[in-house]
Amino acid sequence: MSTATRSLPRTIGAHAILLTYTAIALFPVVIVIVNSFKSRAAIFGAPLTPPTPKTFDLIGYTTVIGQGDFIHYFQNSLVVTVASLFFVLLFGAMAAFALSEYRFRGNSLMGLYLALGIMIPIRLATVAILQLMVASGLVNTLTALILVYTAQGLPLAVFILSEFMKQVSDDLKNAGRIDGLSEYTIFFRLVLPLVRPSMATVAVFTMIPIWNDLWFPLILAPSEETKTVTLGAQLFLGQFVTNWNAILAALSLAIMPVLILYVIFSRQLIRGITSGAVK
Amino acid sequence: MAAAPKRPFRWHIGVFLAPAVLVYTAIMILPLAGTLQLSLFRNINQSQVFVGLENFRMLFGDPNWSVNFWNALRNNVWFFIIHMLVQNPIGVLLAALLSSPRLRFSAFYRTAIFVPTILSFVIVGFAWKLILSPLWGVAPNLMDLVGLKSLFTPWLGKEQYALTTLSLISVWQFVGIPMMLIYAALLSIPDEVIEAAECDGITGMSQFWKIKLPLILPSIGIISILTFVGNFNAFDLIYTAQGALAGPNYSTDILGTFLYRAFFGFQLQVGDPNMGAAIATMMFLIILGGVCVYLFLVQTRLRRYQF
């Protein structure tokens, strides 16, 4: 049939659609960042033009930076996210391996039990969680957040990872067993490296809600010491409702660290996804 | 497999399962059970009294509660329908385009389109509120460029448009998730299958519909159920953009914001943990229903393809 599977019009069409969507995806982010560098008059007078030397103004940033401790909030967010992510991936992969690899009594029941958490928002349990944290003295500590986020991330991690672990070839694992490897070695040395791409996917899905969560920092750790970036940004926005320079600068400050982290991290992520595909 | 007839107790299974099960049970399941239990009680004279299903009778029948409840449920269904009709098809389309071989800049597109998903609701809600605000004029200016300025209205402020606008903002934010999942699924289709299809003369669009789409159906099932669960838990975007009152006039109220108001109180109304728990229980049952439909009707009919 036609050899023109990659014909020119088709390629142009694909690029046109992708470019349009990219513009839609980036436009709000760009417009917020661009305007955060302008004076108040220019923000309203010409919102769509980039800052010129005439309209360039850092007043928003000086207001915001004068008010708070963004670097400290950022550290808190980083600690919470990285620690929760580590525990979710480790515990999640271990449980997923047990469920997908071994037949034992109660296997599917256990799978169902762990999957319950995908459908139930942990938020519904907030009051009882708060009581628990008060009783154990963990209120206003990052540990409380790490515990909650680990519990929150585990169900989806187990669900997705066990789907992928079912696809790891049995022959490989049995070969390992014949060579006398322990079950732990088989898991850590044979299976984990093979499911690394799906771990990257799970990592992204786990990380985003943790980093962006407003609810639990507000309820479990609202103190100045333990504030996360999201909570800090929310408070700024509440304070400066009519100060557009400050709002735009605060939004930009909240966007930029995540954006930089993401650009660094996404190479790894995309390489992980593509190299993981069976090719 | 020739295993020994009597195996010793396999401790490693317990070791693999224990950390996840312990954390999950202590931090999630037990507090959740406590919350569900609360829905059967009511605070009378400073003590919790068992009242059976009385809270639910109030939720469905008492006009103080039921008007808001049915309104929130209706809005939530519409919120979900928009996601299914807009977000997931766009996600599949983008993934299909991205996965075509020899496409230039695909890493750039992938990275860029996923950007909104990594942003916090706080940022998304505020940024869109500013953009759509008639005060700032970004949206009317843009529409002026294509000659549609007359169509502009403050969408977030009008009862008939606000919910749809917020749904589309949420779609804008989360389209990256179906895109990434479908993209990964498309890449995992082996070359041999595609080559065989090409040998049979199936290329381009028909290759997508006849070969690739059936192979990625399990992933589409997964993104559908993830969308369902996510939408019926949604709260943050509405809260940051419209506040706890989900204005204008409750037109953007969904179950999450309704729960929040009932649970923690707002303005003159005092928070009622027991009614909050009753609403939480209803959300739980709705979500459970959706997941059961997925597990028993959808997933059992999809063959798992193993390569």
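## Two helical chains and their contact

Going along the sequence, chain A reads α-α-α-α-α-α-α-α-α-α-α-α-α, which comes to 13 helices and zero strands. Helices here are DSSP runs of H or I with at least four residues, strands are runs of E with at least two, and both are numbered from the N terminus. The model is a predicted one, so to speak only of what it can carry, local features need a pLDDT of at least 70 and side-chain atom pairs count only at pLDDT 80 or more, while totals for chains, interfaces and linings use all residues. Residues are numbered from 1 along each chain as its sequence is written, and chains are lettered from A and ligands numbered from 1 in the order in which they are written.

On confidence, chain A has a mean pLDDT of 82 (pLDDT being the predictor's confidence in each residue, from 0 to 100), with 92% of its residues at 70 or more. The stretch 275-279 of chain A falls below 50, and it has 10 contacts in the model beyond near neighbours in sequence. Two residues are in contact if their C-beta atoms, placed from the backbone, lie within 7 Å. Where pLDDT is low, the predicted coordinates should not be read in detail.

As for overall dimensions, the C-alpha trace of chain A spans about 75 × 70 × 30 Å along its principal axes, and that of chain B about 80 × 75 × 30 Å. The radius of gyration of chain A is 24 Å, against near 19 Å for a compact globule of 279 residues; the radius is taken over C-alpha atoms, and the globule rule is 2.2 Å times the number of residues to the power 0.38. Of the 279 residues in chain A, 43% are buried, and in chain B the share is 42% of 307. Buried means 20 or more other C-beta atoms within 10 Å of a residue's own, exposed means 12 or fewer, and partly exposed is in between, with C-beta atoms placed from the backbone. For chain A, 76% of the contacts with a separation of 6 or more involve residues 24 or more positions apart; for chain B, 67% of the contacts between residues at least 6 apart join residues at least 24 apart. Chain B has 13 helices and four strands.

The domain assignment splits out domain 1 (8-63) and domain 2 (68-239) in chain A, with bounds that come from an automatic or database assignment. Their C-alpha centres lie 35 Å apart. An unreviewed UniProt entry annotates "transmembrane region" at several places in chain A, including 12-34 and 111-134; positions are given in the numbering used here, feature names are shortened, and annotations may be inferred rather than shown by experiment. In the model, residues 12-34 of chain A are 100% helix, with end C-alpha atoms 30 Å apart, whereas residues 111-134 are 75% helix, with the ends 31 Å apart.

The two chains meet through 71 residues of chain A and 64 of chain B. On the chain B side, the elements giving two or more residues include α1 (11-38), α3 (63-98), α10 (204-233) and α13 (273-298), and α1(B) gives the most, with 14 residues. By class, that side has 44 nonpolar, 15 polar and five charged residues. Ala, Val, Leu, Ile, Met, Phe, Trp, Tyr, Cys and Pro count as nonpolar, Asp, Glu, Lys and Arg as charged, and the others, Gly among them, as polar.

Helix α5 (residues 107-119) of chain A has A:L114, A:G117 and A:M119 buried. Its buried residues pack against α4 and α7 (142-165) of chain A, together with α1, α10 and α13 of chain B. In α4 (residues 70-101) of chain A sits A:A96, which counts as buried because 30 C-beta neighbours fall inside 10 Å. Beyond its neighbours within four places in sequence, A:A96 is in contact with A:V158, A:L161, A:S162 and A:M165.

In chain B, nine of the 10 residues of helix α12 (residues 255-264) are buried, so the helix is largely enclosed by the rest of the structure. Its cover includes α3, α10, α11 (236-242), β3 (265-266) and α13 of chain B. Just after α12(B), B:G265 has a positive phi of about 80 degrees.

Two residues other than glycine also stand out in phi: A:N140, at about 60 degrees, and B:F105, near 60 degrees. A:N140 is in the loop between α6 (126-135) and α7 of chain A, and B:F105 in the loop between α3 and α4 of chain B.
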